[in-house]
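Reader: Please take me closely through the aromatic side chains of this model and the part of the fold that surrounds them. I would like each term to come with its cut-offs, so that I can repeat the analysis.

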Amino acid sequence: MQPQVFSRVARSGSLRIAAPPDIAFPLFGPIEEQRWAAGWAPTMIYPATGAIERGAVFTVAHEDGEPSIWTIVELDPAAYRIAYVRVRPASHIARIDIACSGEGGATRADVAYTFTALSEQGNAYVDSFTEAHYAEWIRSWERAIDHLLRHGVQLSAI
């Protein structure tokens, strides 16, 4: 019997945010992300206050009914760095590393994902993250954050 083969892919990209890191970095926290990411609605498990801390756990609902489970595995606010592990048990696991740095009065946010499939469904999901798909996905983050900073509302709210 052949062992099942699961896909793994690593992707990275950068966003330019027209605000300094002390304003941009918090937007990558689970609660603040709601301000710019359409459909993002975390339910905090621990701590219930929603405090951003290493070991924080929350879930995010998805249209297919299976929530993803998230935990903050690294956090260094002084260095503007955060890392998450996200699990969709029937599909895949992902590690997300975000590092922000100042560029003049703006921020460069480097975002790296490593996806590993946990099932055939997960293989299809992971395999869909081509370089082109990932680049467009990260550009959509940049557009959404830029819109929030310019207009004070979520892009999908208009």
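Author: W137 and W141 lie four residues apart in helix α3, and therefore about one helical turn separates them; helices (H or I, at least four residues) and strands (E, at least two) are DSSP runs, numbered from the N terminus. The model is predicted, so local features need pLDDT of at least 70 and side-chain atom pairs count only at pLDDT 80 or more, whereas totals for chains, interfaces and linings use all residues. Residues are numbered from 1 along each chain as its sequence is written, and side-chain values use heavy atoms, with hydrogens and water left out.

W137 counts as partly exposed, at 24% relative accessibility, while W141 is buried, with a relative accessible area of 9%; buried means under 20% relative accessible area, exposed over 50%, and partly exposed in between, with a 1.4 Å probe and protein chains only.

In the whole structure, a search finds 19 aromatic pairs. In one of them, the rings of F28 and W36 have centres 6.3 Å apart and planes at 70°, so this pair is edge-to-face; F28 is buried at a relative accessible area of 1%, and W36 is buried at 4%. W137 and W141 form an edge-to-face pair as well, with 5.4 Å from centre to centre and 70° between the planes. The rings of Phe, Tyr and Trp (its six-membered ring) pair if their centres lie within 6.5 Å, and planes under 30 degrees apart count as stacked, over 60 as edge-to-face and the rest as tilted. One aromatic cluster holds these four residues together with Y113, F115, Y125, F129 and Y134.

From the rings we can turn to the core. The largest nonpolar core has 36 residues, and those with the most contacts inside it are F28, W36 and V111; such a core is a set of buried Ala, Val, Leu, Ile, Met, Phe, Trp, Tyr and Cys residues joined through side-chain atoms within 4.5 Å. Two or more residues of this core come from each of β1, β3 (57–60), β4 (68–76), β5, β6, β7 and α3, and α3 gives the most, with six residues. V111, not counting residues up to four places away in sequence, touches R11, S12, G13, L15, I96, D97, I98, Y134, I138 and W141, where contact means heavy atoms within 4.5 Å.

The strands belong to an open sheet of seven, in the order β1-β7-β6-β5-β4-β3-β2, with antiparallel pairing. Its edges are β1 (8–17) and β2 (42–46), each of which pairs on one side only; two strands pair if DSSP finds at least two bridges between them. Neighbouring strands are turned by 20° against each other on average, direction ignored. Helix α2 (residues 120–127) packs on the sheet, touching β1, β5 (81–88), β6 and β7, and its direction makes about 150° with that of β7. Helix α3 (residues 131–151), which carries the tryptophan pair, also packs on the sheet, touching β1 and β7 at about 30° to the direction of β1. Axes are lines fitted to C-alpha atoms, for helices over the stretch in contact, and angles run from 0 to 180 degrees between N-to-C directions.

Strand β6 (residues 92–103) is joined to β7 (residues 106–117) by twelve bridges, and the two run antiparallel. In this register, I96 stands opposite Y113 and H92 opposite A117, and in the hairpin of β6 and β7, with two residues between the strands, G104 takes a positive phi near 70°. On the other side, eight bridges join β5 to the antiparallel β6, and these two form a hairpin with three residues between them. S91 lies in that loop and is buried, at 3% relative accessibility; leaving aside neighbours within four places in sequence, S91 contacts A117, L118, S119, Q121, G122 and Y125, and Y125 is one of the members of the aromatic cluster.

R88, in strand β5, stands opposite H92 in β6 and is likewise buried, at 11% relative accessibility. A polar atom of the side chain of R88 lies 2.9 Å from the backbone oxygen of E66.

Conventions. A polar contact is a pair of N or O atoms within 3.5 Å; within protein, one must be able to donate a hydrogen and the other to accept it, and residues adjacent in sequence count only if both atoms are side-chain atoms.
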